[in-house]
Every structure is written in C-alpha cells, then in structure tokens.
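The exercises below ask you to read a chain's fold from its backbone and side-chain contacts. Work through each task with the structure open before turning to the solution.

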Amino acid sequence: TTAAAAGIGARPDDSAVTADASERLKLIDERMRFNIEQAQTVLTEAPSSYLVVGILGCQGVGKSRIMSLLHHNDKEPFFPVQGSDLFSSITHETAGVDLAVTRERVILLDTQPVLSCSVLDRMIRNEAPLPPGIVSFEQYMEVQSHQLAIFLFSVCHVVIVAQDWVPDTHLWRFLLTVDMLKPIAAPDFSQPSTSAAGSGDRDSGCAECIFVVNKAARSLFAKDAQQQLQSFAHTYFSHSNYWRHSNNSQQQQQQQ
C-alpha cells in the first residue's frame, strides 16, 4: 500500500481549511488517559470528515520525523523528535499520543514507542500504579503497547508501521497479536450487505497498513530482493487482516 493511494500528502483545499494546523494537542497522556476536551475544541469546528493517520514503531525509528513531514514541515519538525541527548540516554521523546490536524483535514496521531525499554524504565522511575490484574511493570508495558496499537487500528484509516530494517519479525509478531486482539466490528444494518460474510467480520473497518523502512539498505531496492520480501510478508501475514485488507484495496483500485 502506498501513501498516495491512501490519500496522504494531497495538496491543500482552501475551502476545507478550518482547523488550526499549527496546534499540537495531547490526546492521550503517558498513563493512557484521554484528554477529550482539547481534541473536541479542534475536531468540532468543522462538520466535514477527516482522514486519520497514525504511526506505530519501536523507539528511535523516526516516527515523529515521518509525521512532521506529513504535516508539510520540512525545516523544523512539527512533532518533537528524539535528540542526541535523549538518544544517548536511551530515552523516548513522545509520551502517549499527540494529535495535530493538517490543512488538508488529515488528523495525525504521533505515538510513543511500543515494546520500549525506555517506557518500562519511566514506569519504574515514576512508580506508576499497576492496574488490576497486572503483576509487573514488564507486563504493564506490553499491555500498554497492545492497547495503543489496538486503539490506532480501531480509529485510523491509515496506520504507518515504521521500522529500521525488514523483516523485523519481533515487530511483525506484535502486529499479529494486535490483529488477533482487535475487537470485531459491529455489523452496519443500515447498509445493504453484498455478501453473507460481508458484515460483522474482523476485516470490517480495518485500517490500511503501510510499512516504512527508514534505514533500508540499497540492496533492498533490487527487484529480486523486493520479490523475496513480498513473498515472506505474504507468508507471515497471509492469515491476518493486514494482508486481506491490502488485497481488497488493490482489487478495488484496479476496478476503478
């Protein structure tokens, strides 16, 4: 799936510019608490729909940099990025989920790293209270990572998965777990069903998943390497909604 096919990066439509594109809000804090009041002040200013784009990835893979580029900010990163001091101390920059609205009416959701030792370290240092049923900070960090990913795949039209290399089987295995845990979408009885299995299945409302490799080796662009990677990805995700939804989207684009 490409960013152009998902409608990311389109030029601004002046008639649709109503939200403040210079404002960045904290939608979810580092303890996974929603800040609905701030988001409502931005999202209720205009009635038309938005394209929601979120990003997932481990620590230091360039998530905030990618989202800043989608915000058309090439000089100064719109979303705070991990500096050299934080990188040397193995500390992440983004905590929770930051929200911004572009001039093209695209909602960008920048997130804290998943499966991060830095998140675990911050939990221990701050002595974060453990929720019921959680017996350790390690378990809390993993649960929080899965909750964050499930949230993105539930509310986003497009989820960017940033990684430094491929195949990152550790991250891919995490995505398969998220796909299994993601709630089943409720059937929409207001729309006519085109097939018996067309509503209420796990594929309903599944976000487009775009994989971005920030540190891809030059050899990865060779045709044979790309075919081998696609074959491996097909085998790995063949029974998941990521691959089925991608195939359905490609078929729809070919028909159009």
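**Exercise 1.** In this predicted model, determine in which sense β5 and β6 pair and over how many bridges, and then place β5 within its sheet.

*Solution.* Begin with the pair itself: β5 and β6 run parallel to one another and are joined by six bridges, and within this pairing Ala-162 stands opposite Val-212 of β6. Next, turn to β2, which also pairs with β5 in the parallel sense, here over five bridges, with Val-53 having Val-158 as its bridge partner in β5. Finally, put these pairings into the whole sheet, which is open, has six strands in the order β1-β3-β4-β2-β5-β6 and shows mixed pairing. The edges are held by β1 and β6 (208-213), each of which has a single partner strand, so that one side of each is left without a neighbour in the sheet. On average, neighbouring strands of this sheet are turned by 25° against each other, with direction ignored.

**Exercise 2.** Find the sense in which β1 and β3 run, and name the helices that pack on or lie across strands of the sheet, with their angles.

*Solution.* The first step is the pairing of β1 with β3, which is antiparallel and consists of four bridges; one residue pair to inspect is Lys-26 with its bridge partner Asp-98 in β3. The second step is α1, which packs on the sheet by touching β1, β3 and β4, and whose direction makes about 130° with that of β1. The third step is helix α2 (residues 63-70), which lies across β2 (51-57), β4, β5 and β6 and runs at about 160° to β2.

**Exercise 3.** Decide whether the two faces of β5 are covered or open.

*Solution.* Take the residues by side: Val-158, Ile-160 and Ala-162 point to one side, Val-159, Val-161 and Gln-163 to the other, and all of them are buried. The count for the strand agrees with this, since six of the six residues of β5 are buried.

**Exercise 4.** Describe how α5 and α6 pack, and state where His-146 stands in relation to that contact.

*Solution.* Start with the geometry: the helices pack at an angle of about 65° with their axes 10 Å apart, and their crossing is right-handed. Then list the residues that meet, which are Ser-145, His-146, Ala-149, Ile-150 and Phe-153 from α5, and Phe-174, Leu-175, Thr-177, Val-178 and Leu-181 from α6. Sorted by class, this contact holds seven nonpolar, three polar and no charged residues. For His-146, which belongs to helix α5 (residues 137-155), the contacts beyond four places in sequence are Phe-174, Thr-177, Val-178 and Leu-181. Its relative accessibility is 17%, and because the cut-off for burial is under 20%, His-146 counts as buried.

**Exercise 5.** Locate the cis peptide bond and two residues, Met-32 and Arg-105, that have a positive phi although neither is a glycine.

*Solution.* The cis bond joins Val-166 and Pro-167, with omega about -5°, and Pro-167 is placed in the loop between β5 (158-163) and α6 (169-181). Met-32, with a phi of about 65°, is found in the loop between β1 (24-28) and α1 (36-43). Arg-105 likewise has a phi of about 65° and lies in the loop between β3 (97-101) and β4 (106-111); with a relative accessible area of 6%, Arg-105 is buried.

Notes:
Residues are numbered from 1 along each chain as its sequence is written. This is a predicted model: local features need pLDDT of at least 70, side-chain atom pairs count only at pLDDT 80 or more; totals for chains, interfaces and linings use all residues. Side-chain values use heavy atoms; hydrogens and water are left out. Buried means under 20% relative accessible area, exposed over 50%, partly exposed in between (1.4 Å probe, protein chains only). Two strands pair if DSSP finds at least two bridges between them. Axes are lines fitted to C-alpha atoms, for helices over the stretch in contact, and angles run from 0 to 180 degrees between N-to-C directions. Contact means heavy atoms within 4.5 Å. A crossing is left-handed if the near helix is turned anticlockwise from the far one by less than a right angle, and right-handed if clockwise. Ala, Val, Leu, Ile, Met, Phe, Trp, Tyr, Cys and Pro count as nonpolar, Asp, Glu, Lys and Arg as charged, and the others, Gly among them, as polar.
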